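Student: I am new to this structure and would like a close look at a single part of it, the place where two neighbouring helices meet. Could you take me through that part carefully, and then place it in the wider chain?

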Amino acid sequence: MTEPTWAAPDSAPVQPERPLAAEEPAGATRRDRDRPPLPPVPVALRPMTTPDLLDGAFAIIKRRPRDVLTLAAVLLIPIEVLSAVLLRDVLDAEGLTGLADPTTAFGEDGEVVGAGAALTSLAVGTVSLALLAGALGVLVDGWYRGRDVSAWEAAGVALRRSWALVLGTVLVHVLEGIGLLAFGVGAYLVMALCHVVSPAVTVEGLGPLAAIRRSVQLTRRRIGPALTVPGLVGLVGLLIGFGFQSVPELATTVVPDDWDWLVRAAGQIASQLVVVPFTAGVAVLFHLDLRIRLEAHDIELRSRALLAG
């Protein structure tokens, strides 16, 4: 029998960190047992850098694409389809992406032609993001706790807490509106401080006002990343959106005019299936990172895993 050769303790290749515990819940059904094993967590349980947050958001989608797409189908697609139908006339002229640009609210002669549509599109997008961020928070929190939370369970939590998610979003936008009085700087500051409101609602079970206070309490102690991350997320989202929209815009040159709005809406929905989960995933991981850095949440999770194991 050959004895193993000596090797330095740190010479072994680093393996992807897996959930802390992977217990099968009592009463698990055959369908539960047939689910694939828990994926490696998107980012190791440690303080995260800004690249970790961005890469980790994409890793959430890659780890369980079926679950993420299920959440999007339940929480995102119906709202986007309704928006596309309601805004059909505007889509014929500008497309949904144009509605996010305030300049599309004015015609060539300066008359207001789409201000209401632009506000409607903004409201739809923020509600979709709040619901999906809340659901992804439940899903990812389960991974770090060693629980295989299904997409339907996460969606159920988000829908039951939808009143708090929507009300919290409305209150944040009211504060952002007040912040616009400071030449827009105040609005961005509010957005940065309230970046993790949705995960606080579903993961920590807080109400809308408590979630806003909690978000401010966490982000103001890490104000540098809090100010940087939303801007980077917005930039990445714009690049992804432009990439997805280029194909539908080319397609509108060959399809009948009456179908332009449908082609553009399909492109917008396809882009949102990536952009919104990515944006929500960053918020979820940033919430976790802040709790790790400021409250030693990683030690708490590891201690619970040891006690449970």
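Tutor: In this predicted model, the part to look at is the pairing of helix H9, which covers residues 162–179, with helix H10, which covers residues 185–193. Two packed helices are described by the angle between their axes and the distance between the axes. Here the axes come within 6 Å and cross at roughly 155°, which means that H9 is roughly antiparallel to H10, since an angle over 145 degrees counts as roughly antiparallel. On the side of H9, the residues that take part in the contact are Val172, Leu175, Glu176 and Gly179, and on the side of H10 they meet Gly186, Ala187, Val190 and Met191. Sorted by character, the residues of this contact divide into 5 nonpolar, 2 polar and 1 charged.

From there we can turn to helix H8, residues 151–160, where Val157 is found. Val157 has a relative accessible area of 16%, and because buried means under 20%, Val157 counts as buried. Leaving aside residues up to four places away in sequence, Val157 touches Val138 and Thr202. The C-alpha atoms of Val157 and Val203 are separated by 9.4 Å, although these two residues are 46 residues apart along the chain.

Another link in the model is made by rings, and the count comes to 1 aromatic pair. The rings of Phe58 and Phe278 have their centres 4.5 Å apart and their planes at 25°, so this pair is stacked. Phe58 lies in helix H2, residues 50–63, and Phe278 lies in helix H14, residues 260–295, so the pair ties together parts that are 220 residues apart in sequence. The two partners can be told apart by their accessibility: Phe58, at 30% relative accessibility, counts as partly exposed, whereas Phe278, at 0%, counts as buried.

As for the wider setting, the secondary structure of the protein chain comes to 15 helices and 0 strands. Of the 309 residues in the protein chain, 45% are buried. Among the contacts in the chain with a separation of 6 or more, 73% are accounted for by residues 24 or more positions apart. The accessible surface of the protein chain comes to about 16200 Å², and 65% of that surface belongs to carbon and sulfur atoms.

Notes: Residues are numbered from 1 along each chain as its sequence is written. This is a predicted model: local features need pLDDT of at least 70, side-chain atom pairs count only at pLDDT 80 or more; totals for chains, interfaces and linings use all residues. Side-chain values use heavy atoms; hydrogens and water are left out. Axes are lines fitted to C-alpha atoms, for helices over the stretch in contact, and angles run from 0 to 180 degrees between N-to-C directions. Helices (H or I, at least four residues) and strands (E, at least two) are DSSP runs, numbered from the N terminus. Angles under 35 degrees count as roughly parallel, over 145 as roughly antiparallel, 65 to 115 as roughly perpendicular and the rest as oblique. Contact means heavy atoms within 4.5 Å. Ala, Val, Leu, Ile, Met, Phe, Trp, Tyr, Cys and Pro count as nonpolar, Asp, Glu, Lys and Arg as charged, and the others, Gly among them, as polar. Rings of Phe, Tyr and Trp (its six-membered ring) pair if their centres lie within 6.5 Å; planes under 30 degrees apart count as stacked, over 60 as edge-to-face and the rest as tilted. Buried means under 20% relative accessible area, exposed over 50%, partly exposed in between (1.4 Å probe, protein chains only). Accessible areas come from the Shrake-Rupley method with a 1.4 Å probe; for residues, only the protein chains shown count as cover.
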